[in-house]
Amino acid sequence: MKTYMKRYLAMLMACVLFMGSMYGGGGAVRAAAADPARSAGRVATATDPSVPKNLGHLTAVPVSASSVKLTWDKCEQADVYRVYVYDSAKKKYIRNGSTKSAVYTVSRLAASGSSYTFAVQGLAVSGGKYVETTKLTTVTAKTLPGKVKVSDLGVYMTSAVYLTWSAVKGADRYQVYRYSKTYKRWVKIAETDKLVYKNDGLTAATGYSYMVRAVMKYGGQTYTGDFSSVLRTATVPRSVSDAVYYERKEWKRSSAGDYRPVWYDEDFDGIRGYRLELKRSNGAAGYAIYYQDVKNGSQPDVRRARLLTYTKNTTMSLRRTTRKGYERMFWVSEYVSYGGKIFVNPSKIPVTYEGDIDIYLNSRGKTVEIKKKIYGAADNQLSEIRYYTAGGALKKYSVYVYNSRDFVSRVNTYNSKGRLIKVEKWR
């Protein structure tokens, strides 16, 4: 029995010595360095079997404007992996986190579209301490470009839309997408390295939706950033082609049988207010009405015109100016609504004609007839009179025709249906 125990102890000591020679007696696997940058730079020989090797196939792929995904080959001796990000200001690696898998996403990176250097090191637990199983292995990658901020240029046209956006760090180009109402999806319509894009060939008075994103080329690959917020903009309608504004006056029948002004003030020539009549055009949601008060004899200036109101009606009753010695002039534009905004045709068209509305009252103050007189905008000559009943129904109208010397040569009178019923001629 004693002989057997001696043989067993001898064999056990031989195994211990053999294992010691294989693993350096436990001293060849060194503890992980406190500073990974120093660990990465130490000198070792290729013949030293205890020197950790580089981490296999460490790669980095951009995930977002603030994160990068790292992957590597798993090391059998490693229990955990530490991940570091190089801080160029402090000139050292800063620990970001650790993982037991061979995948790790570095997040909360501050600069989009920027280059970062990452490092990963495999560690094993021995005697309650971490020891190196791989070298500190590095890789460089970029974060994706940031989100583009897009807006319209503020220049509105009937057949085109201008887009503009801010430059994004790391972007090589930009992709422009427009929503297709036909296909019910977003369609890429352009790719450009400019910060502005003009989308031509559009339909007037129509809303369009756009998104833009940045494109980055890095390491032979193409990456795209997040889409911008949706921009809703529109083409504007074609400006109104025909409009009339009338000066409104009232006349009351006197006991002598003639009509006299109900209200008169020579500063306003008996004007009680104005009435606009606009020609409806296709596609417009409504009209933008502008005005300017000018002194008698002075020229109106559209650059000084002020917005009075937006309206969807083709007729408007307006108050006269309260400024003595001034006359109120009007301009009209058309607009469309889209995405909660109003898009107005930039052209302000002066009303085509001026006119008068004469309201005739009997001695008891009841309306008996209405006359609308229209004057040509160019020469201010009387061009047409329309006669209405007290209820506002058209009775007839007369059109005045002028000769080459600007004198009335003929008056054509039509009934309410537009049929010629009377012609008066002069030489």
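Is V155 buried, partly exposed or exposed? In this predicted model, V155 is partly exposed, its relative accessible area being 43%, a value that falls between the limits of 20% for buried and 50% for exposed residues. The residue belongs to strand β9, which covers residues 150-156, and together with L153 and V196 it makes a nonpolar surface patch of about 230 Å².

Strand β9 also contributes to the ionic contacts of the model, in which 15 salt bridges are found. In general terms, side chains of opposite charge can pair when their charged atoms come close. One such pair is formed by D152 and K341, whose closest N and O atoms are 3.7 Å apart. This salt bridge links distant parts of the chain, since D152 lies in strand β9 and K341 in strand β24 (residues 341-344), at a separation of 189 residues. The two partners differ in their exposure, for D152 counts as buried at 12% relative accessibility, whereas K341 counts as partly exposed at 37%.

Further salt bridges include the pair of D200 and K198, in which the closest N and O atoms are 3.5 Å apart. Here D200 is partly exposed, with a relative accessibility of 46%, and K198 is likewise partly exposed, with a relative accessible area of 32%. The side chains of E384 and R386 also meet in a salt bridge, with an N to O distance of 2.4 Å; of these residues, E384 counts as buried at 15% relative accessibility, while R386 counts as partly exposed at 24%. In addition, R173, K188 and E191 are joined into one network by salt bridges that share partners.

Aromatic contacts form another part of the picture, and the count of aromatic pairs comes to 13. Among them is the pair of Y274 and F330, which is edge-to-face, with 5.4 Å from centre to centre and 70° between the planes. Because Y274 is located in strand β19 (residues 273-278) and F330 in strand β23 (residues 326-338), this pair ties together parts that are 56 residues apart in sequence. Both rings belong to buried residues, Y274 having a relative accessibility of 4% and F330 a relative accessible area of 2%. A second edge-to-face pair is formed by Y310 and Y335, and it is so classed because the ring centres are 5.3 Å apart and the planes stand at 75°, where an angle over 60 degrees is required. With Y310 in strand β21 (residues 306-311) and Y335 in strand β23, the parts tied together by this pair are 25 residues apart in sequence. In this case the partners differ in exposure, as Y310 is partly exposed with a relative accessible area of 37%, while Y335 counts as buried at 4% relative accessibility. Ring pairs also link Y274 and F330 with Y245 into a cluster.

Aromatic rings are also approached by charged side chains. R185 lies over the face of Y183, at 5.6 Å from the ring centre, and R323 is placed over the face of Y326, at 3.9 Å from the ring centre.

A polar contact with the backbone is found at T192, a residue of strand β12, which runs over residues 185-192. T192 is buried, its relative accessible area being 12%, and its side chain reaches the backbone nitrogen of K194 at 3.0 Å.

Two lysine residues deserve mention for their backbone angles. Most residues other than glycine have a negative phi. K91, however, has a positive phi of about 55° although it is not a glycine, and a positive value near 60° is likewise found for K184. K91 lies in the loop between β3 (80-87) and β4 (92-99), and at 63% relative accessibility it counts as exposed, because the limit for that class is over 50%. K184 lies in the loop between β11 (173-180) and β12, and it is exposed as well, with a relative accessible area of 62%.

Note on methods. Residues are numbered from 1 along each chain as its sequence is written. This is a predicted model: local features need pLDDT of at least 70, side-chain atom pairs count only at pLDDT 80 or more; totals for chains, interfaces and linings use all residues. Side-chain values use heavy atoms; hydrogens and water are left out. Patches are made of residues with over 30% relative accessible area and no salt bridge: like charges are joined within 9 Å, nonpolar side chains (Val, Leu, Ile, Met, Phe, Trp, Tyr) within 5 Å. Accessible areas come from the Shrake-Rupley method with a 1.4 Å probe; for residues, only the protein chains shown count as cover. A salt bridge is a side-chain nitrogen of Lys or Arg within 4 Å of a carboxyl oxygen of Asp or Glu. Helices (H or I, at least four residues) and strands (E, at least two) are DSSP runs, numbered from the N terminus. Buried means under 20% relative accessible area, exposed over 50%, partly exposed in between (1.4 Å probe, protein chains only). Rings of Phe, Tyr and Trp (its six-membered ring) pair if their centres lie within 6.5 Å; planes under 30 degrees apart count as stacked, over 60 as edge-to-face and the rest as tilted. A charge sits over a ring if NZ of Lys or CZ of Arg is within 6 Å of the ring centre and within 35 degrees of the ring normal. A polar contact is a pair of N or O atoms within 3.5 Å; within protein, one must be able to donate a hydrogen and the other to accept it, and residues adjacent in sequence count only if both atoms are side-chain atoms.
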